[in-house]
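Student: Please take one part of this model and go through it closely. I would like the contacts and the burial set out in a connected way.

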Amino acid sequence: MAGGGHDTDRHYHDTIQNKRKINELARFLQSDEAQKLETYSRGRPYAIWGAVPGSSNIRNWEAMDPGDYVMVYRQGKIILGAEIAMKVKNPKLAEHLWQKDQDGKTWELIYFMINEIDFNIDFKKLNEYLGYKENYHPQGFMAIDQAKADQILSEYGDLISLLTKLQSGEQIEKIEVNKQRIFELVDDEVKKQPTEHTEMQWRLIRLGLRSHFNVWVPENDKHREWNGEPFRPMVLKEFHETLDVPAYIKNIDTVWKLGQSVKGAFEIENSTAVYSGILRLSDLRSLTPNSSYPLFIVAPRERKQKVFNELRRPTFSSSFLHLDKVVKYLSYDSVRNLDETIKEDSTRFDIDWLLNQAETVS
């Protein structure tokens, strides 16, 4: 977006810093548009931005699709990264949100953003990964060259996680794995114990839904049920993988999502080896080494030490994977206790509660 200016600063405060709820927006939208927003965010409010019509702005706005990333740039810095949920051309909504400019125009090329994160990163730091010259900087409302965007996602994975690492000064990992070898495993059926494994999956589904996330389980598990509740009506019908959300994640036991972004991935282990689940998380980590979403191994309490011993293996604790630092352990009992204590009518469950219950290799 254009840097500086009274209108820009005011609009940023009014509709990005102060997100807008769907019930405010609905009277300016078609019913199917309001429903799409409600479904995409599971009731969360949206950060909103718009552009005044013009040939360049129209071209870039029309190229936007749900799940695309948008970065907000001001005075040489990236100050926000987010995911596009939906776009509408809507002068009445734009006038309600931002009024009109001095020429009588309004910012009617509107887009709704979710999973937004504040940043403070010099754009030149990103130029290295995009392949632009060090002194390159965006101008106005524009799109990154598609070939450069595809390359950065293919080589480094999730853009928001890449920005997070750039801001914190952490090392950026390049994907160094035979992707085809892993992709060939996507449709392999994983044999699982039908009892406690199914119970844990059911409880993680319920906790995910109470967090107002969408939940995915592998296709071969959707027919399962527990406590008289079938999985299929509770979980996503389809998983839309992208360059930074690889197809392989469809094999993980339970995945929490919001929009296109993964919010948590869970492998449930009750075999003696406690190895196959860690191996699947290892393959996923190889494909998305810069990802910031939490990874969990869920296993019986008596297997905790076995889980930690496996995570310490050089294969998993290497400087590339860091699974001993990244993967969290949850016992069956802790998942049961959380599920039983979070009531249907209580405050929305927060993933931080789960992280507080989880343990890491010490």
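Tutor: A polar contact here is a pair of N or O atoms within 3.5 Å, where within protein one must be able to donate a hydrogen and the other to accept it. The model is predicted, and the part to look at first is Arg 203, which lies in helix α10 (residues 196-210). The side chain of Arg 203 makes such a polar contact with the side chain of Glu 199, at 2.9 Å. Arg 203 has a relative accessibility of 9% and therefore counts as buried, the cut-off being under 20%. Once neighbours within four places in sequence are set aside, Arg 203 is in contact with Val 335, Arg 336, Asp 339 and Glu 340.

Burial can also be followed along a helix. In helix α12 (residues 304-311), the buried residues are Val 307, Phe 308, Glu 310 and Leu 311. These residues cover an arc of only 160 degrees around the axis, so they are on the same side of α12. The elements they pack against are α11 (276-287), β10 (295-299), α13 (314-317), α14 (323-326) and β11 (327-331).

A helix pair completes the account. Helix α6 (residues 123-130) packs with helix α7 (residues 146-156) at an angle of about 85 degrees, and their axes are 9 Å apart. The two helices α6 and α7 are therefore roughly perpendicular to each other. From α6, Leu 126, Tyr 129 and Leu 130 meet Lys 148, Ile 152 and Tyr 156 of α7. The residues of this contact comprise five nonpolar, no polar and one charged.

How values were computed:
Residues are numbered from 1 along each chain as its sequence is written. This is a predicted model: local features need pLDDT of at least 70, side-chain atom pairs count only at pLDDT 80 or more; totals for chains, interfaces and linings use all residues. Side-chain values use heavy atoms; hydrogens and water are left out. Axes are lines fitted to C-alpha atoms, for helices over the stretch in contact, and angles run from 0 to 180 degrees between N-to-C directions. Helices (H or I, at least four residues) and strands (E, at least two) are DSSP runs, numbered from the N terminus. Angles under 35 degrees count as roughly parallel, over 145 as roughly antiparallel, 65 to 115 as roughly perpendicular and the rest as oblique. Contact means heavy atoms within 4.5 Å. Ala, Val, Leu, Ile, Met, Phe, Trp, Tyr, Cys and Pro count as nonpolar, Asp, Glu, Lys and Arg as charged, and the others, Gly among them, as polar. Buried means under 20% relative accessible area, exposed over 50%, partly exposed in between (1.4 Å probe, protein chains only). The arc is that of the directions from the helix axis to the C-beta atoms.
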